[in-house]
Amino acid sequence: MRNLLFLIIGIFFGIVLIKGEVVSWFRIQEMFHFQSFHMYGVIGCAVVVGAISVQLIKRFNIKTIHGETINLQQKPLQFKAQLFGGILFGFGWAMTGACPAPIYALFGAGYLHMILVLASAIAGVWVYARIMDKLPH
């Protein structure tokens, strides 16, 4: 039953991504060419909502729906890791036109070639796990 709830939430999130044109390859290209504010507005709103949510969780000691305490730990600044990770993520996003959530939304919308992008993303995670000890952390 719990997985069904997550599936319904995921489908709703995918519909929102499709209807908001967040997964549109043309919108993403506009962003990378600095031709439109659409994607910057969506990403900026997500950052603001995330920051407000974290502050509310910290101030009001909000717990999960199961009553567990949410433990938000401060991560140390890792300049090299964040720089190289961000560049790799940006390259993947620019080449495929999709970051992780839109991969599923586009596949669900019938863009079957996104299965190759999903397989590539999984392969990237696997490679990262294999060489994680050799990377700057």
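A residue counts as buried under 20% relative accessible area, exposed over 50%, and partly exposed in between. Keep that in mind for what follows, and note that this is a predicted model.

**Two loop residues with positive phi**

Most residues other than glycine have a negative phi. Glu21 goes the other way, with a phi near 60°. You'll find Glu21 in the loop between helix H1 (2-19) and helix H2 (25-32). Its relative accessible area is 36%, so Glu21 is partly exposed, because that value falls between the 20% and 50% cut-offs.

Phe34 also has a positive phi, near 55°, and it sits in the loop between H2 and helix H3 (38-60). At a relative accessible area of 70%, Phe34 is exposed. Here are the two side by side:

| Residue | Phi | Relative accessible area |
|---|---|---|
| Glu21 | near 60° | 36% |
| Phe34 | near 55° | 70% |

**Helix H6 and its two sides**

Helix H6 runs over residues 114-131, which is 18 residues. At 1.5 Å a residue, H6 should span 26 Å, and its end C-alpha atoms are indeed 26 Å apart, so the two agree.

Which residues of H6 are buried? They include Met114, Val117 and Leu118. These three cover an arc of only 105° around the axis, which means they lie on the same side of H6. That fits the general pattern: an α-helix has 3.6 residues a turn, so residues three or four places apart point the same way. Over on the other side of H6, Leu116, Trp126 and Arg130 are exposed. As for packing partners, the buried residues of H6 rest against helix H4 (79-96) and helix H5 (100-108).

**The nonpolar core**

The largest nonpolar core holds 15 residues, and Met39, Trp93, Ile103 and Met114 have the most contacts inside it. H2, H5 and H6 each put at least two residues into this core. Met114 thus turns up twice, as a buried residue of H6 and in this list.

Trp93 is worth a click in your viewer. Leaving aside residues up to four places away in sequence, Trp93 touches Ile28, Met31, Phe32, Met39, Ile43, Ala98 and Cys99.

**The largest pocket**

How much space lies in the largest pocket? About 880 Å³. Its lining has 27 residues, of which Gly85, Leu88, Phe89, Gly124 and Val125 are the closest to the centre. H4, H5 and H6 each supply at least two lining residues, and H4 gives the most, with 10.

How values were computed: Residues are numbered from 1 along each chain as its sequence is written. This is a predicted model: local features need pLDDT of at least 70, side-chain atom pairs count only at pLDDT 80 or more; totals for chains, interfaces and linings use all residues. Side-chain values use heavy atoms; hydrogens and water are left out. Helices (H or I, at least four residues) and strands (E, at least two) are DSSP runs, numbered from the N terminus. The expected span of a helix is 1.5 Å times one less than its number of residues. Buried means under 20% relative accessible area, exposed over 50%, partly exposed in between (1.4 Å probe, protein chains only). The arc is that of the directions from the helix axis to the C-beta atoms. Contact means heavy atoms within 4.5 Å. A nonpolar core is a set of buried Ala, Val, Leu, Ile, Met, Phe, Trp, Tyr and Cys residues joined through side-chain atoms within 4.5 Å. On a 1 Å grid over the protein atoms alone, a cavity is a set of points where a 1.4 Å probe fits but cannot get out, and a pocket is an open set with protein on both sides within 12 Å along at least five of seven lines; lining residues have an atom within 4 Å of a point. Grid points are joined across faces, edges and corners, and a volume is the space filled by probe spheres set on the points.
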